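Trainee: Could you choose a single part of this model and take me through it closely, setting it against the rest of the chain as you go?

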Amino acid sequence: MDKTKLWKVENNKLIEINSNNLDYEDRIHKWIEEDISIVLPDAILIGSKIKTDHGMEIDLLAIDENGDLIVLELKRGLTTREVTAQALDYASWINTLDEDGINDILTKNGIEKSVSELMSEKFDDYEEDIEINENQKIYIVGSSIDLITERICKYLAGNGLQINVLTFDYFQDNENEFIARNFLVTESNSPKDTGKKRKGRYITKLFQEEKIKVGQKVKYIPLSEKKGIEKIATIYRKGSKCLKLDDTGETYSFSGLRKKMILENGLDLNPHFPYWQWTEWLLIDKNTKLSDL
């Protein structure tokens, strides 16, 4: 990751301000805990130093406007293998949390409101039926990140895992301190399942642009191709949990139904990482993948 440089303009001349390699992860933790918007403007802090059920401790846990849980793990001198493995371990654990589990964490951190109440207050366009913790995201945070960690995270991000590296460059000019924020993976070089940039949840965007509508039918392509099974679902409402299986009447989100079909039919796909699943769904009446809409 390229290091940021900073100059001060003085008498119409540029004077470079020296950077400092001081290890200050504890200060970073405090800054983010006090104001998470410095790293994630559209997120709510769930808690700090969250205990997992296997005795580990997540530095910071947040949730964004899409209902996705976010692990923020500070490097704090850990080796490359330790920090990456630890962050992935935490993501696998938060993947098991349902809405009640998140509310329990809020309560333990002295927050009396539910996660749905917090999101409704924070986000103007919050959907009441949004599926909480449908996806998970990882941010590795530090004053500096080594090249191996960069390479690993770029590889994982390039293969569909929502992982990023966030660094803060520290500068000091006499008694004044300055911090510059840097992201390793930007929106312009992260993988897309369409050729255009989008904000927010993809399925919400499809509804808003009327590219999918209530009453249309979809099927999960890998199930048909690998098992010869035609499972048809109808889009019966707008929102997150919008699919109804034609044969059973059960309702699911796209990721929820994907997970069910993968596990029940032994498909050779990862049921827990549905981030780029839209190439796997076919809109039947248009004979078009959702990723192509």
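Mentor: A residue counts as partly exposed when its relative accessible area falls between the limit for buried, under 20%, and the limit for exposed, over 50%. K8, at 26% relative accessibility, is therefore partly exposed, and E10, with a relative accessible area of 37%, is partly exposed as well. Please keep in mind throughout that the model is predicted.

Before the close look, some background on the whole chain. The chain has 293 residues, of which 47% count as buried, and its secondary structure comprises eight helices and 15 strands. Of the contacts with a separation of 6 or more, 56% are between residues 24 or more positions apart. The chain exposes about 15400 Å², and carbon and sulfur atoms supply 46% of that area.

The part I would choose is helix α8, which runs over residues 254–265. With 12 residues at 1.5 Å a residue, this helix should span 16 Å, and because its end C-alpha atoms are indeed 16 Å apart, the expected and computed values agree. Among its residues, F254, S255, L257, R258, M261 and I262 are buried. These buried residues cover an arc of only 165° around the axis, so they lie on the same side of α8. L263 and E264, by contrast, are exposed on the other side of the helix. Following α8 comes G266, which has a positive phi, near 65°.

F254 also leads us from the helix into the aromatic residues. The structure holds four aromatic pairs. One of them joins Y220 and W281 in a tilted arrangement, with 5.1 Å from centre to centre and 55° between the planes. This pair links distant parts of the chain, since Y220 belongs to strand β10 and W281 to strand β14 (residues 281–283), 61 residues apart. Both Y220 and W281 are buried. F254 and W278 form an edge-to-face pair, with 5.4 Å from centre to centre and 70° between the planes. Here too distant parts are linked, with F254 in helix α8 and W278 in the loop between α8 and β14, 24 residues apart. F254 and W278 are both buried. Taken together, Y220, F254, W278 and W281 form one aromatic cluster.

Strand β10, which carries Y220, also takes part in a salt bridge. D246 and K217 form that bridge, with their closest N and O atoms 3.0 Å apart. D246 lies in the loop between β12 (243–245) and β13 (251–252), whereas K217 is in strand β10 (residues 217–220), so the bridge ties together parts that are 29 residues apart in sequence. D246, at 40% relative accessibility, is partly exposed, and K217, at 34%, is partly exposed too.

For a contrast in burial, consider another of the 14 salt bridges counted. K137 and D64 form a bridge whose closest N and O atoms are 2.5 Å apart. It links distant parts of the chain, with K137 in strand β7 (residues 136–142) and D64 in strand β5 (residues 57–64), 73 residues apart. K137 and D64 are both buried.

That brings us back to the two residues with which I began. E10 and K8 form a salt bridge in which the closest N and O atoms are 3.4 Å apart, and K8, E10 and D173 are linked in a network of salt bridges.

How values were computed:
Residues numbered from 1 in each chain as written. Predicted model: local features only at pLDDT ≥ 70, side-chain atom pairs only at ≥ 80, totals over all residues. Heavy atoms only, no water. Helix = DSSP H or I, 4+ residues; strand = E, 2+ residues; numbered from the N terminus. Buried < 20%, exposed > 50% of the residue type's maximum accessible area, 1.4 Å probe, protein only. Contact = heavy atoms within 4.5 Å. Areas by Shrake-Rupley, 256 points an atom, 1.4 Å probe, with all protein chains shown as cover. Salt bridge = Lys/Arg side-chain N within 4 Å of Asp/Glu carboxyl O. Expected span 1.5 Å × (residues − 1). Arc of directions from axis to C-beta. Phe/Tyr/Trp six-rings, centres within 6.5 Å; stacked < 30°, edge-to-face > 60°.
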